[in-house]
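Dear colleague,

I am passing a structure on to you, and below it you will find notes on what turned up when I went through it. Please read them with the structure open beside you.

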Amino acid sequence: MKNEFMNVPIFSGDGKVHFEERKIPTPGDNQLLIQAKANLLCGSDRNQFYNGSPQCIPGHEGAGVIVEKGKNAKFEIGMKGAVYLYDYCHKCRSCQLGLTNQCLHKNCDYGFNVDGAFCEYYLVNDYVFFPVDESVDVINATLLLDVMGTGGHASKRAQLIHKDIQSVLINGAGPIGLGLLAMSKLTFAKDLPVLINDVKSSRLPLAEKMGGLPIDLSKQSLEEGIEQHGIKNPDVAIDATGKAIARKNALNVLAKRGVLVMVGNGEGLEFEQYPDMGAPERSILGSEYFSYNEMEANHELLKNNQEYLSQIITHEYKIKDVQKSYEHFFSPDSDAGKIAVVHN
Ligand SMILES: [Zn+2]
Ligand SMILES: [Zn+2]
């Protein structure tokens, strides 16, 4: 018998979080009540932490256990898994092709406009739940979301255009950059050279430990760094910084037929048809989150590479310290990859 009430963190703005008591909801038709176990912090939570989240309790990178189910809901009580962000419609032309990240009529985003995984108990429609194998730790199940999902999707976007990728360059060695690094290795080939740069030296040791070829932009130029690792021009560049200058520098060093994939949101990109794009036939692609159905293959990768991938989660906080966890995550000299906030 579960409790009737729970304590939930209220994000009131100015980087302040306090707790209030709320009633635990009851699942309706096709709904699951998830007991959240963990949620990873994300750069896109910045607005909720600093400006408040009056609409809902945040947490869009959550995993937990099904504790109750509504009528006709699929999956069984006791199953653990991750919750996909977009409550997609199933019907639009994007969803019909399985491209749920491009749904034209999505109902909501869990953790952005309906309650997410910082609630100890929250409701989801069954089709956004992805169950994981017994062997997958429930905290690691969160890796299926922005880390592996977003990272893997960007790699696959590049593969649509380029059929013989021999080297990759990643801009940014923060949480998303580390996901891109891991998924480039796991999607293309473990021994594929993956260069990874950052202006923050403190981020590079973990990237190197995970098999990346580090380029410290606080000490050398991008060209110098690439050359130092014995690579001439990478075939693919994936940008996690959202910075115009980083994107332009990456475009400039791409090989012929090179592909730039833009994952980080933020600034733009200026380029010339000649010489940047036309003659070398380069491509620039956007990439946004990932499709629900990509989780199946990523789940196999997670099962087989759990130790490697879980290195990306560098810190863990209890839910009562969620404010502290964000202060750590958003501090300018943060040493964190992904931070997990766990329920008791
Ligand atoms: Zn996220
Ligand atoms: Zn749709």
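Counting salt bridges in this predicted model gives a total of 13. One of them joins Lys248 to Asp276, with the closest N and O atoms 3.0 Å apart, and this pair links distant parts of the chain, since Lys248 belongs to helix α8 (residues 244-253) and Asp276 to helix α9 (residues 273-277), 28 residues apart. Asp276 is buried, with a relative accessible area of 6%, whereas Lys248, at 24%, is partly exposed.

Another salt bridge is formed by the side chains of Glu294 and Lys156, at 2.8 Å from N to O; here Glu294 sits in the loop between β15 (283-286) and α10 (295-304), while Lys156 is part of helix α4 (residues 146-161), 138 residues apart. Glu294 has a relative accessibility of 10% and therefore counts as buried, because the limit is under 20%, and Lys156, at 30%, counts as partly exposed. There is also a network of salt bridges, in which Lys320, Asp321 and Lys324 are linked.

The other site to look at is the zinc ion (ligand 1), whose protein donors are Cys42 (SG), His60 (NE2), Glu61 (OE) and Asp146 (OD), at 1.9 to 2.3 Å from the ion. The angles subtended by these four donor atoms run from 93 to 122°, so the arrangement is tetrahedral. Cys42 lies in the loop between β3 (31-40) and α1 (46-51), and Glu61 in the loop between α1 and β4 (62-69), so that this pair ties together parts 19 residues apart in sequence. Both Cys42 and Glu61 are buried.

With best wishes

Technical notes
Residues are numbered from 1 along each chain as its sequence is written. Chains are lettered from A and ligands numbered from 1 in the order in which they are written. This is a predicted model: local features need pLDDT of at least 70, side-chain atom pairs count only at pLDDT 80 or more; totals for chains, interfaces and linings use all residues. Side-chain values use heavy atoms; hydrogens and water are left out. Donors are N, O and S atoms within 2.8 Å of the metal (3.2 Å for Na, K and Ca); water is not among the atoms, so sites may look incomplete. Four donors count as tetrahedral if all angles lie between 85 and 135 degrees; four count as square planar and six as octahedral if opposite donors are over 155 degrees apart and all others between 65 and 115; anything else is irregular. Helices (H or I, at least four residues) and strands (E, at least two) are DSSP runs, numbered from the N terminus. Buried means under 20% relative accessible area, exposed over 50%, partly exposed in between (1.4 Å probe, protein chains only). A salt bridge is a side-chain nitrogen of Lys or Arg within 4 Å of a carboxyl oxygen of Asp or Glu.
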